[in-house]
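Here are a few friendly notes to read alongside the model. Please keep the structure open while you go through the points.

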Amino acid sequence: MTEPTNRLAGLKIDFGGGSPLGGISLVQTPDVALAAGGPATGTDAPERTETKVLIIGSGPAGLTAAIYAARANLEPIVLAGSAPGGQLMLTSEVENFPGFPDGIEGPELMGRIRAQAERFATVFVDQDVDRVDLSARPYRAWARGIEYRGETLIIATGASAIWLELESEQRLRGRGVSACATCDGFFFRDREIAVVGGGDSAMEEAAYLTRFASKVHLLHRRDGFRASKIMIDRIYGNPKIQVHTNTEVAEVLGDAKVTGLRLRDAQDGSERNLPLEGLFIAIGHRPNTGAFKTWLDTDEKGYLLPHEHTASRIPGVFIAGDVADHRYRQAVTAAGDGCRAAIDAERWLEETAATSQTGGLAATA
Ligand SMILES: Cc1cc2nc3c(=O)[nH]c(=O)nc-3n(C[C@H](O)[C@H](O)[C@H](O)COP(=O)(O)OP(=O)(O)OC[C@H]3O[C@@H](n4cnc5c(N)ncnc54)[C@H](O)[C@@H]3O)c2cc1C
């Protein structure tokens, strides 16, 4: 298989197969030095640190915002994070992003979207933002001690799936282990699989996966479920789902791909093996809001809360993608949000420039 186009911080993806049943692994190339704040990629002395649109995050939301802002001559700076390209860098085949009838590998898709943003004069800094100051315009963000200033700010830092943190689970990610049923369920047609989790999302994913899988084992480490009663009833009434309570995953079995699970009884510690081909982890997502949550409103799950369209409660600060979305969590919805946020930022700049006499870069630019 040819190596995917990759302009993402020297990170290469080593694909062993074309679907989550095949395999991928992230390989750090020698020119990338790991350090706090992300890989050093030659952006330690960025060519610009001030912009009309400062974008934090470089998944589908941040990169699409960059394309729109750049094409509006707003010369965006993208603080792309230590995982440039976002979550799709961790998946192989993407079959539901419009425009690719034969599917496209996640890293290649992200490389292409980034190249499109670069074409229109976007500056990229592949580092994490560790703190922001949103008390006044221009809004300020710091990455590796360098201060960046934006008349507007678009936050597109995504959300990270919570994993079991087993060595075997991490090794087999993309080789039968997934955290996205909507994305990868299709690849498990007529296969026996398991879902781990005890909340509504785990129930929804298990029910959804019965459309493809021959059998779905729902594994939950406790006796009772956190999910709503209606979801629990639906799960127990589904002949394709077998529920295993008091059951933990001790190990994901398999070398090149998942071949089974070693399960542990949470009460008596006894272990048994369960042969199957896929494992979906549905124990939640953590929105990447660390630097912003003291400034912006969050919902009960910790996701950033837009107020009107993509606008946050702070004028000129906009929110896009999975960092505010625990419902859809798709590349195309995140990209759509990025577009909306950039258009909202552009309009806000225009309106502010028209009405403002003092303060902020908008008035002086
Ligand atoms: C295994 C897997 C497979 C998937 N497959 C599909 C699929 O087939 N189709 C589909 O539509 N969707 C798929 N998804 C979902 C899709 O990847 C997400 O919905 C989408 O990537 C969300 O985009 P985003 O831009 O909001 O955030 P993300 O993609 O999460 O990107 C967030 C960005 O923010 C950056 N960041 C985070 N914190 C900071 C910080 N402090 N400072 C600077 N930057 C920061 C990160 O480095 C990253 O670049 C999959 C997800 C997973 C996990």
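1. A word on terms before the strands: two strands pair if DSSP finds at least two bridges between them. Please also bear in mind that this is a predicted model.

2. Let me begin with the antiparallel sheet. Strands S16, S17 and S18 make up an open sheet, in the order S16-S17-S18, and their pairing is antiparallel. The edges are taken by S16 (247-253) and S18 (271-275); each has a single partner strand, so one side of each is left without a neighbour in the sheet. From one strand to the next, the twist averages 30°.

3. Within that sheet, have a look at S17 (residues 260-265), which pairs with S18 in the antiparallel sense over five bridges. Which residue of S18 is the bridge partner of Gly260? You will find Pro275 in that role.

4. The parallel sheet comes next. Five strands form this open sheet, ordered S12-S19-S13-S14-S15, and the pairing here is parallel. S12 (177-178) and S15 (241-244) are its edge strands: each has a single partner strand, so one side of each has no neighbour in the sheet.

5. At the S15 edge, the pairing with S14 (residues 215-219) is parallel and runs over four bridges. One residue pair to pick out on screen is Leu219 with His244, its bridge partner in S15.

6. Now to the helices. The axes of H1 and H2 (residues 106-119) come within 8 Å and cross at roughly 25°. Angles under 35 degrees count as roughly parallel, so H1 is roughly parallel to H2. As for handedness, the crossing of H1 and H2 is left-handed.

7. H1 matters for the ligand section of these notes too: helix H1 (60-71) and helix H7 (331-355) each supply at least two residues of the shell around the ligand. There are 40 residues around the ligand, and those that come nearest are Gly59, Gly81, Gly86, Gly158 and Gly321.

8. How do the residues of the shell divide into nonpolar, polar and charged? The shell around the ligand has 21 nonpolar residues, 16 polar ones and three charged ones.

9. Finally, where does the ligand lie with respect to the domains? Domain 1 (11-160 + 285-364) and domain 2 (163-281) both give residues to the shell, so the ligand lies between them.

Key. Residues numbered from 1 in each chain as written. Predicted model: local features only at pLDDT ≥ 70, side-chain atom pairs only at ≥ 80, totals over all residues. Axes fitted to C-alpha atoms, helices over the stretch in contact; angles between N-to-C directions. Near = placed C-beta within 6 Å. Nonpolar A, V, L, I, M, F, W, Y, C, P; charged D, E, K, R; others polar. Domains from an automatic or database assignment. Parallel < 35°, antiparallel > 145°, perpendicular 65-115°, else oblique. Left-handed = near helix turned anticlockwise from the far one by under 90°.
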